Amino acid sequence: MKLAALLLALCATAHAAPPPSFFRALHIVETSGRTGPILGDGGKALGPLQIHRGYHADSRVAGDYSRVADLDYSKRVVTAYLQRYAPQAWAAGDVVTLARVHNGGPRGATKPATVAYGDKVARLAK
């Protein structure tokens, strides 16, 4: 009986995800909620979630980089990237860690430079 309960709990968390408010908060922090082909970071980032070429490639989502100008496609890219580099945080819905990895790369959650960014996204995601 205990084994069955444990398996059910594991299955439930394996498919967990951050709340929908996470993407809204990320969008607000990155581009104040604007959509379209927004250039940022000195022309190195594109779209409503400010995705770099390397981030897009690392996400392994099929499609041309220019498609990150579309919010729905950008969300797919961010989802794939975070599930790849922060699977435990994704499963736990850990908004702070996910935001820090989005902002600072695969080891972003350990970088002091991403603390304020993660806190800002978390405040907006509440």
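**Notebook: helix α2, the pocket and the rings**

I started at T31: setting aside neighbours within four places in sequence, I find T31 in contact with I38, G47, P48 and Q50. A note to self before going on: this is a predicted model. T31 sits in helix α2. Is T31 buried or exposed? Its relative accessible area comes out at 2%, so I put T31 down as buried, the cut-off being under 20%.

**Entry: the whole chain**

I stepped back to see what surrounds that helix. I count 7 helices and 3 strands in the protein. Reading along the sequence, I get the pattern α-α-β-β-β-α-α-α-α-α. Of the 126 residues, 41% are buried. I also looked up the contacts with a separation of 6 or more, and 36% of these are between residues 24 or more positions apart.

**Entry: along α2**

Back to α2. The helix has 12 residues, and from its first C-alpha to its last it reaches 17 Å. That is close to the 16 Å expected at 1.5 Å a residue. I then went through its burial and listed S21, F22, F23, A25, L26, H27, V29 and T31 as buried. What covers these buried residues? The cover includes α4 (71–85), α5 (87–92), α6 and α7 (115–125). Just past the end of α2, I noted that S32 takes a positive phi of about 55 degrees.

**Entry: L26 and H27**

I picked two residues of this helix for a closer look. L26 has its place in α2, and with a relative accessible area of 0% it is buried. Not counting residues up to four places away in sequence, L26 touches L49, V78, H102, Y117 and V121. I also checked L26 against P48: they are 22 residues apart along the chain, and their C-alpha atoms are separated by 9.0 Å.

H27 is in α2 as well. Its relative accessible area is 10%, so H27 goes down as buried. Which residues does H27 contact, leaving aside its neighbours within four places in sequence? I wrote down S32, G33, R34, T35, P48, L49 and L71. P48 is on the list for H27, and P48 is also on the list for T31.

**Entry: the largest pocket**

Next I looked up the largest pocket, which has a volume of about 260 Å³. I find 20 residues lining the pocket, and E30, A45, Q50, H52 and N103 lie nearest its centre. The elements giving two or more residues to this lining are α2 (20–31), β1 (39–40), β3 (51–52), α3 (53–59) and α6 (95–104). Which element gives the most? It is α6, with 3 residues. Sorting the lining by class, I get 8 nonpolar, 8 polar and 4 charged residues. Q50, one of the residues nearest the centre of the pocket, is one I had already met as a contact of T31.

**Entry: aromatic rings**

How many aromatic pairs does a search of the whole structure find? I get 3 of them. F22 and F23 have ring centres 5.3 Å apart and planes at 65 degrees, so I call the pair edge-to-face, the cut-off being over 60. F22 and F23 are each buried.

For Y55 and Y81, the ring centres are 3.7 Å apart and the planes are at 10 degrees, so this pair is stacked. I looked up where the two sit: Y55 is in helix α3 and Y81 in helix α4, so the pair ties together parts that are 26 residues apart in sequence. Y55 is buried at a relative accessible area of 8%. Y81 counts as buried too, at 3% relative accessibility. With Y85 added, Y55 and Y81 form one aromatic cluster.

**Entry: G105**

Y81 led me on to G105. Leaving aside neighbours within four places in sequence, G105 is in contact with Y81 and R100. Where is G105 found? I place it in the loop between α6 and α7. Its relative accessibility is 13%, so G105 counts as buried. I also looked up G105 and G54, which are 51 residues apart along the chain, and their C-alpha atoms are separated by 9.8 Å.

Definitions and conventions
Residues numbered from 1 in each chain as written. Predicted model: local features only at pLDDT ≥ 70, side-chain atom pairs only at ≥ 80, totals over all residues. Heavy atoms only, no water. 1 Å grid on protein atoms, 1.4 Å probe; cavity = no way out; pocket = protein on both sides within 12 Å on 5 of 7 lines; lining within 4 Å. Points joined across faces, edges and corners; volume = space filled by probe spheres on them. Helix = DSSP H or I, 4+ residues; strand = E, 2+ residues; numbered from the N terminus. Nonpolar A, V, L, I, M, F, W, Y, C, P; charged D, E, K, R; others polar. Expected span 1.5 Å × (residues − 1). Buried < 20%, exposed > 50% of the residue type's maximum accessible area, 1.4 Å probe, protein only. Contact = heavy atoms within 4.5 Å. Phe/Tyr/Trp six-rings, centres within 6.5 Å; stacked < 30°, edge-to-face > 60°.
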